[in-house]
Amino acid sequence: MSVELERVYPPDTREGFEVALDAELSRRIQSLREPPHTASECCAPTRACFVEAASWGVLGAVIWVATLMYFG
């Protein structure tokens, strides 16, 4: 269990069920920083995703400007 969690909630003031939940949550959060998760596709930075998002943004701006020019 993390030191920050024990500072906020001293172990002697918590119920056993809460300690088990805290330990499980701490374990799950820690697992997000370990290689099986960090090596996965969802954590990898992808240039393709950025290029696609930028392309859609530029296309939207072009359509917006064209609409303003057509109706304005």
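The protein has 4 helices and 0 strands. Along the sequence, the elements follow the pattern α-α-α-α. The model is predicted. Its mean pLDDT is 77, and 69% of the residues reach 70 or more. Confidence is lowest in helix α1 (residues 3-8), where the mean is 55. Confidence is highest in α4, at 93. Where pLDDT is low, the predicted coordinates should not be read in detail.

Surface exposure was computed for the whole chain. Of the 72 residues in the protein, buried residues make up 3%. The protein exposes about 6500 Å². Carbon and sulfur atoms supply 66% of that exposed area.

Charged contacts were examined next. The count comes to 2 salt bridges. Side chains of opposite charge can pair when their charged atoms come close. In one bridge, the side chain of E24 meets that of R27, with an N to O distance of 2.6 Å. In the other, the side chains of R28 and E24 meet at 2.8 Å, N to O. E24, R27 and R28 are thus linked in a network of salt bridges.

The network can be placed on the helix. E24 and R27 both lie in helix α2 (residues 16-31). They are 3 residues apart, about one turn of the helix. R28 and E24 also both lie in helix α2. Their separation is 4 residues, again about one turn of the helix.

The three residues were then sorted by accessibility. E24 has 29% relative accessibility, so E24 counts as partly exposed. R27 has 49% and therefore also counts as partly exposed, because the exposed class starts over 50%. R28, with a relative accessible area of 52%, is exposed.

Nonpolar surface was mapped in the same model. W64, V65, L68 and M69 form a nonpolar patch on the surface. Together these residues have about 470 Å² of accessible area. V65, one of the patch residues, lies in helix α4 (residues 47-71). At 37% relative accessibility, V65 counts as partly exposed. This value fits between the limits for that class, because buried means under 20% and exposed means over 50%.

Aromatic contacts were searched across the whole structure. The search finds 1 aromatic pair. The partners are Y70 and F71, whose ring centres are 4.9 Å apart. The ring planes meet at 80°, so the pair is edge-to-face. That assignment follows because planes over 60 degrees apart count as edge-to-face. Y70 has 68% relative accessibility and so counts as exposed. F71, at 66% relative accessibility, counts as exposed too.

Two sets of side-chain contacts thus stand out for inspection in the model. The salt-bridge network links E24, R27 and R28. The aromatic pair joins the rings of Y70 and F71 edge-to-face.

Technical notes
Residues numbered from 1 in each chain as written. Heavy atoms only, no water. Phe/Tyr/Trp six-rings, centres within 6.5 Å; stacked < 30°, edge-to-face > 60°. Buried < 20%, exposed > 50% of the residue type's maximum accessible area, 1.4 Å probe, protein only. Patch = residues over 30% accessible without salt bridge, like charges linked within 9 Å, V, L, I, M, F, W, Y side chains within 5 Å. Areas by Shrake-Rupley, 256 points an atom, 1.4 Å probe, with all protein chains shown as cover. Salt bridge = Lys/Arg side-chain N within 4 Å of Asp/Glu carboxyl O. Helix = DSSP H or I, 4+ residues; strand = E, 2+ residues; numbered from the N terminus. pLDDT = per-residue confidence, 0-100.
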